[in-house]
Amino acid sequence: MRPIDIVALLSSIVLAIVISTFKVRKSAIPISAFPVFFMFLAPVTIIVHMFFHLAFVSYGIIQSITAHSFEYNFRTYSLYLMAGVLIYFSAQLINRLNLFLVTGAYTGALKAILAICLVSAPVILLNPFGLLPILVCMIALLAMRFSLNHCGAVEREQMKTQHVAVRN
């Protein structure tokens, strides 16, 4: 494992700790901190690793430009597009996880997880690191199951009506 991969992994873990701590403290309903960390670890890991991927690809392009051998082709386009799409879906997953923590609505998060898995699946054949987004999404899916504490149905319905009132 390269040092840059360790930096990316550690920075995604630290960022997920910060986000999950903030979410647990600001939540109006009781939520468990440990599963929330694993919920947000998935999109944060994907976003951080894709930004490092974009930096690595850009560095290679800059090297080829300085060597006067740069050629813009489909490979270059697809490397940028894949990272952009995964960053977008991961940002959507963060938004849907926030909604899940407030209302308990999980369909948006499931759709975002499914989209990430569908985009990442073909990459597994080319690079074993293509499995990373799928693995962290499965961890987030399991963490969603355990994130909400056992609070009464009345409290959950009150939170849903308050959220709907705030959105309108």
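**Close-up 1. The buried residue I31 in the loop ahead of helix α2.** In this predicted model, I31 has a relative accessible area of 9% and is therefore classed as buried, the cut-off for that class being under 20%. I31 belongs to the loop that links α1, residues 3–26, with α2. Between the C-alpha atoms of I31 and F146 the distance is 9.0 Å, although 115 residues separate I31 from F146 in sequence. F146 is also one of the α5 residues that meet α2, the helix that follows the loop of I31.

**Close-up 2. Helices α2 and α5 where their axes cross.** Helix α2 spans residues 33–66 and helix α5 spans residues 132–147, and their axes come within 7 Å of each other while crossing at roughly 155°. Angles over 145 degrees count as roughly antiparallel, and α2 and α5 are therefore described as roughly antiparallel to each other. The crossing in which α2 passes α5 is left-handed.

**Close-up 3. Residues in the contact of α2 with α5.** On the α2 side the contact is made by P35, V36, F38, M39, A42, T45, I46 and H49, which meet L132, P133, V136, C137, I139, A140, A143, M144, F146 and S147 on the α5 side. Sorted by residue class, the contact comprises 15 nonpolar residues and 3 polar ones, with no charged residue taking part.

**Close-up 4. The cysteines C117 and C137.** How many disulfides does the structure hold? The count is 0, and the sulfur positions of this pair are consistent with that count, because the sulfur of C117 has its closest cysteine sulfur in C137 at 4.7 Å, too far for a bond, where a disulfide would need the two sulfur atoms within 2.5 Å. The relation also holds in the other direction, since the cysteine sulfur closest to that of C137 is the one in C117. Both residues are buried: C117 has a relative accessible area of 14%, and C137 has a relative accessibility of 0%. C137 is, in addition, among the α5 residues that meet α2.

**Close-up 5. The surrounding fold, for orientation.** The protein contains 6 helices and 0 strands, and along the sequence its elements follow the pattern α-α-α-α-α-α. Of its 168 residues, 36% are buried, a class that includes I31 as well as C137. When contacts between residues at least 6 apart in sequence are considered, 73% of them join residues at least 24 apart.

How values were computed
Residues are numbered from 1 along each chain as its sequence is written. This is a predicted model: local features need pLDDT of at least 70, side-chain atom pairs count only at pLDDT 80 or more; totals for chains, interfaces and linings use all residues. Side-chain values use heavy atoms; hydrogens and water are left out. Axes are lines fitted to C-alpha atoms, for helices over the stretch in contact, and angles run from 0 to 180 degrees between N-to-C directions. Helices (H or I, at least four residues) and strands (E, at least two) are DSSP runs, numbered from the N terminus. Angles under 35 degrees count as roughly parallel, over 145 as roughly antiparallel, 65 to 115 as roughly perpendicular and the rest as oblique. A crossing is left-handed if the near helix is turned anticlockwise from the far one by less than a right angle, and right-handed if clockwise. Contact means heavy atoms within 4.5 Å. Ala, Val, Leu, Ile, Met, Phe, Trp, Tyr, Cys and Pro count as nonpolar, Asp, Glu, Lys and Arg as charged, and the others, Gly among them, as polar. Buried means under 20% relative accessible area, exposed over 50%, partly exposed in between (1.4 Å probe, protein chains only).
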